[in-house]
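Me: I'm new to reading protein structures. Could you help me look through this one?

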Amino acid sequence: MANKFKEKGNDELRLKTKDGFKKSAKSYSRGMAHLLEHPEANTPGSQPRLLLSVMYANRAQAELSSKNYGRACADALASLRCDPTNVKAYFRVAKGCNALDKWEQAVGFCRQGLKQEGISEDAAG
């Protein structure tokens, strides 16, 4: 069931419209609500936990697209609590921090994301 909400959210996000961003965030929220009922949702590394991370990161993208930067940061951080290796979440929280003029935090999250990707700062430029 949660996957259906994720796919619906992804389709709505691809519309790249204000209404699509809002609907996608709601779809991701509904999917996350289903996942949180799963007994393994709190088990690190479990499939439900990893899917929860993806859905938080996707909702963060919807919030970034809607210019809800504080919510985007909160969702990206929640994604990282579910899966600290989710590179997209690092870059989404960095984008949110940048938009909120929290540059040092943005740089820190970029560095962490690059580290997860195995890219040194020197190689990244």
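Me: Thanks! Which residues does leucine 52 touch, not counting residues up to four places away in sequence?

Reply: Happy to help, and keep in mind that this is a predicted model. Leucine 52 is one of the residues with the most contacts inside the largest nonpolar core, which has 15 residues. Leaving out residues up to four places away in sequence, leucine 52 touches Met32, Leu35, Leu36, Ala41 and Cys82.

Me: Which helices each supply at least two residues of that largest core?

Reply: Among the residues with the most contacts inside the core are Leu13, Met32 and Leu51. At least two core residues come from each of these helices: H1 (2-14), H2, H3 and H4 (69-82).

Me: Are H2 and H3 roughly parallel or antiparallel to each other?

Reply: The axes of H2 (residues 18-36) and H3 (residues 47-65) come within 9 Å and cross at roughly 160°. Angles over 145 degrees count as roughly antiparallel. Therefore H2 and H3 are, relative to each other, roughly antiparallel.

Me: How do the residues of the contact of H2 with H3 divide into nonpolar, polar and charged?

Reply: On the H2 side, the contact includes Phe21, Tyr28 and Met32, and on the H3 side it includes Leu51, Asn58 and Arg59. Sorted by type, the contact residues are twelve nonpolar, six polar and two charged.

Me: Is asparagine 58 buried or exposed?

Reply: Asparagine 58 lies in helix H3. Not counting residues up to four places away in sequence, asparagine 58 touches Lys6, Asn10, Leu13, Tyr28 and Arg92. The cut-off for buried is under 20% relative accessible area. Because its relative accessibility is 12%, asparagine 58 counts as buried.

Technical notes. Residues numbered from 1 in each chain as written. Predicted model: local features only at pLDDT ≥ 70, side-chain atom pairs only at ≥ 80, totals over all residues. Heavy atoms only, no water. Axes fitted to C-alpha atoms, helices over the stretch in contact; angles between N-to-C directions. Helix = DSSP H or I, 4+ residues; strand = E, 2+ residues; numbered from the N terminus. Parallel < 35°, antiparallel > 145°, perpendicular 65-115°, else oblique. Contact = heavy atoms within 4.5 Å. Nonpolar A, V, L, I, M, F, W, Y, C, P; charged D, E, K, R; others polar. Buried < 20%, exposed > 50% of the residue type's maximum accessible area, 1.4 Å probe, protein only. Core = buried A, V, L, I, M, F, W, Y, C linked by side-chain atoms within 4.5 Å.
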